[in-house]
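Colleague: Could you take a close look at one chain with me, please? I would like to know how its parts are laid out.

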Amino acid sequence: MTDAITLHDLRFRWRRDLPLCLDIPQLAVPAGARVFLHGPSGSGKSTLLGLLGGVLVPEQGSVTVLGQSLSALGSRARDRFRADHIGFLFQQFNLIPYLPVIDNVLLPCRFSHRRAGRTAAQGEPVAVAQSLLEALDLSPSLWQRDAASLSVGQQQRVALARALIGSPDILIADEPTSALDADRQQAFLDLLLSACEQGGATLLFVSHDQRLATHFTHTLSLAALNRAGSAEAA
Amino acid sequence: MFTVFRLAARSAWNRRFTLAMTLLSIALSVALLLGVERVRQQARADFEQSVSGTDLIVGARTSPVQLMLYAVFRLGGATNNISWSSVEMLRGQAAVAWAVPLSLGDSHRGYPVVATEPAFFTHFRYGDGRALVLREGRALADIFDVVLGAEVARALGYRVGDTLALTHGMSLAGPAHADKPFTVTGILQPTGTPVDRSLHITLAGMEAIHLDWVGGAPLPGLKIDAAHVKKFNLQPKNVTAVLVGLKNRAAVFRLQRGIAEYREEPLLAVLPGVALADLWQVVGAVERALLAVSAMVVAVGLAGLVATLLAGLNERRRELAILRAVGAGPAHVFCLLLLEGLAVSLLGILAGVALLDLAMLAGAPLVQARWGLVLAPQLLTLAELQWLGLVLGVSVLASLVPGWRAYRLSLADGLVPRI
């Protein structure tokens, strides 16, 4: 298996009466790569993430993740596949506000047996979560606090710990640094890259900020890949 | 599934103030619904307990329900009396085992006075055929003796040997018969029937206090001393109603018809059970209306629940999207909302039952004193459980609405809410 993600002849539109939102003839993310996908807002980023996560279903074409064609799976199986193999990291509001930090981190283990098992293989799940938080420089005094009480920078690091727990094969990050100020951005990016390197996870990093591209092994442009061009999309 | 339970609980706790208000409105509406139902049941049970062993009630011609109401429940007044000769006619019937006349109309501090014969205490039955029992003192014997119902003695603090004056008519401020006081000779055991709220005197006593009265007012210039009443003829000329017991119940319809056709005076004889059935038919419409109104109140409470959950849903779209990203399916999201609605309803129902029990416990003495209705604390009856089951069933249906809405939203939003 050489590619973690493959798109082929992918077409998607939100509603039948709307124009195509995505029309991607070909896209491949090699396994173990750290890919920067440049996508200005409105280029269909969120839609693409939904398709990769199996939350959205293409009108035509195939999405293959880790050798598994998502269209061959039913919706429940796609949900399970997403939980098992992909860690997501978003720009903001990554956490369930009323859950303590530690429970937020452990959330993927509750929905995925595979990740729960992988976590347990490393030790007591709570201890594994704690060591992840510690490695991301989050002090123990924060662990039992509700996620909503943390600063944005702290929240992003908790979200990273959650995306990493149970060692998913793929990490998909959508503008994870854009809510942070400039010096925090760099520190967070370093944490993210080294965590992926250690865990051997494939990283797909989506951002409009091209200055970040230098840190990655591959760079792709969604605008160039997507023939549907400037369709309306979030 | 356990995760969803925990998430639902944490999430609900996070919005506890809003949900508590919703829960309270459901609790109040359930308490109202059960309360109406319970008071209805208890009122019926109390009424049906109030008289037994009496085969016919005879009075002046009026509606059967009215005769029943004033003769047994001391509610409302008699339009006409019947003459003593009719009482003697009844006693002369071969089928009649006993006939006890009642004379009503006076009161004491709002409690009705019943003038009757000592035989009343031997023949009157309530509940499942229970007889009246004296708690203390002795039965009626003398002209100015009075035997109190348990509630009268309790509420007014009378003991055997105390004296009291009666009032003419039912008003609290009517002219008093203060010149001829009565002595409490006995107090009855509580029965849970209108007897508890009655004062019992002899027919002769009733005659005696009205000797110097004409047409509902004291005769000016005429004053007959209590010590001298025995010189007068105290045989009553008329009474309000007669309780009749038969030797053989099979004769009841024949006797009833005979009484209705009595030539000397227009009379009415009713079977207590039949009159009660008539009464339930009259009040049945009111009961149904009350029940319908309280059912509507429950519906309003549940609509409030749906509104609260739907309103909260918009603010929770991010939360739902996060859950989707970590692997929750739309079905999880649906269950999350359904569970929340169900939990709030269930807690609301339980709180409503508790609220009602507390209210009935606190209000029972007042209700008994005011209306003579005994509200006994009780376990949930089968009928009440059915009502609660119905409420829970409707709340499941109601919770499907936010559940379905959340399901649709989570499908449309995917991983990033399009707010």
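**A close look at chain B**

Modeller: Happy to! The centres of domain 1 and domain 2 of chain B, taken over C-alpha atoms, are 49 Å apart. Domain 1 covers 2-47 + 283-413 and domain 2 covers 51-278, with bounds from an automatic or database domain assignment. This is a predicted model, in which local features need pLDDT of at least 70 and side-chain atom pairs count only at pLDDT 80 or more, while totals for chains, interfaces and linings use all residues. Residues are numbered from 1 along each chain as its sequence is written, and chains are lettered from A and ligands numbered from 1 in the order in which they are written.

Now to helix α12 of chain B, residues 382-413 (helices are DSSP runs of H or I, at least four residues; strands are runs of E, at least two; both are numbered from the N terminus). Its 32 residues should span 46 Å at 1.5 Å a residue, the expected span being 1.5 Å times one less than the number of residues. The end C-alpha atoms of α12(B) are 46 Å apart, which agrees. Among its buried residues are Trp387(B), Val391(B), Ser395(B) and Tyr407(B); buried means that 20 or more other C-beta atoms, placed from the backbone, lie within 10 Å of a residue's own. After α12(B) comes Gly414(B), with a positive phi near 65°.

Strand β1(B), residues 56-60, has four of its five residues buried, so it is largely enclosed by the rest of the structure. Four bridges join β1(B) to β16(B), residues 241-246, in an antiparallel arrangement, and Leu56(B) stands opposite Val244(B).

Technical notes:
Buried ≥ 20, exposed ≤ 12 C-beta atoms within 10 Å, placed from the backbone. Pairing = 2+ DSSP bridges.
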